Amino acid sequence: VQDYAGLLSMLRLPFDSDTANRLNFYLFERMYYAALKESNRLAILHGKYETFDGSPASQGRLQMDLWAEEGHPPKYPLIMPWTELKEAIKTTGLRNSMLIALMPTATTSTLMNGSPAFEPHNALVYKRKIRSGELMMINTRLQEDLISLGLWNEQIQAKILERPSGDIAHIGEIPEHVREIYKTAWDISPKVVIDQMLTRGPFVCQGQSMNLWFKNPTPKKITSALF
């Protein structure tokens, strides 16, 4: 996964909105479903993995079922045809014991001018060090929005560059809805990031590599977030 925050920007959704979290849920439901369906197809061709028999999946109990058994049911209604797929899995098995592992993708995302993985925008304007020197990187979608609004000028650029993360939260000339869409990780509560992680969790069968950002970190805040 990369540039999820960029997708939200294209859809005009603030990262910390409920609609963004619902999209997060359904994207990962679809991804998990597709991975399981393909693994089932490969099991029919090449055989199931050695320890499939006796596993929860062999009983039709997938990740979201295991989460529900532990008291954490999916946050929103499931929409994929799970009953049919579960029957196919019980009958012919899976080729893979684990399918979804979410990694940072920070370097590749930067090279593609996108945000890392499923994280909020870390910065909107920043310098990237390379062997031959430094490159000034800018969020091109924000740039296009400001151009369309007639706000891409030297004054606005200077105000963006005042902040280390190149954020726009402090620039009153930019409409509020645009500032909401391009809110950076430093202006989004860590609780939002944690809640989104938990929302997609029932569709992740290996793990999630994630970061949390604290504008004013304290031991109490960090301990609370970790717990």
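1. In this predicted model, the contact between α2 and α4 is a suitable place to begin. On the α2 side it is formed by Glu-29, Tyr-32, Tyr-33, Leu-36, Lys-37, Asn-40, Ala-43 and Ile-44. These residues meet Trp-82, Leu-85, Ala-88, Ile-89 and Thr-92 of α4. Classified by residue type, the contact of α2 with α4 comprises nine nonpolar, two polar and two charged residues.

2. The geometry of this helix pair may be stated next. Helix α4 covers residues 82-92, and its axis lies 10 Å from that of α2, the two helices packing at an angle of about 30°. Because angles under 35 degrees count as roughly parallel, α2 is described as roughly parallel to α4. The crossing of the two helices, α2 and α4, is left-handed.

3. Helix α2 also takes part in a pocket. The second largest pocket of the model has a volume of about 180 Å³. It is lined by 16 residues, of which Tyr-32, Ala-57, Gln-63, Ser-97 and Cys-205 are the closest to its centre. Two elements, α2 (18-46) and α3 (63-69), give two or more residues to this lining. Tyr-32 deserves attention on two counts: it belongs to the α2 side of the contact with α4, and it is among the residues closest to the centre of the second largest pocket.

4. The lining of the second largest pocket can also be described by class: eleven of its residues are nonpolar, four are polar and one is charged.

5. The largest pocket has a volume of about 280 Å³. Its lining consists of 18 residues, and those closest to the pocket centre are Gly-114, Ser-115, Asn-122, Ala-123 and Tyr-126. Strand β3 (133-138) and helix α6 (140-148) each supply at least two residues of the lining.

6. What is the make-up, by class, of the lining of the largest pocket? Seven of the residues are nonpolar, nine are polar and two are charged. For the second largest pocket, the corresponding figures are eleven nonpolar, four polar and one charged.

7. As to the chain overall, its secondary structure amounts to ten helices and four strands. Their order along the sequence is α-α-α-α-β-α-β-β-α-α-α-α-β-α. Along the principal axes, the C-alpha atoms of the chain fill a box of roughly 65 × 40 × 35 Å.

Definitions and conventions
Residues numbered from 1 in each chain as written. Predicted model: local features only at pLDDT ≥ 70, side-chain atom pairs only at ≥ 80, totals over all residues. Heavy atoms only, no water. 1 Å grid on protein atoms, 1.4 Å probe; cavity = no way out; pocket = protein on both sides within 12 Å on 5 of 7 lines; lining within 4 Å. Points joined across faces, edges and corners; volume = space filled by probe spheres on them. Nonpolar A, V, L, I, M, F, W, Y, C, P; charged D, E, K, R; others polar. Axes fitted to C-alpha atoms, helices over the stretch in contact; angles between N-to-C directions. Parallel < 35°, antiparallel > 145°, perpendicular 65-115°, else oblique. Left-handed = near helix turned anticlockwise from the far one by under 90°. Contact = heavy atoms within 4.5 Å.
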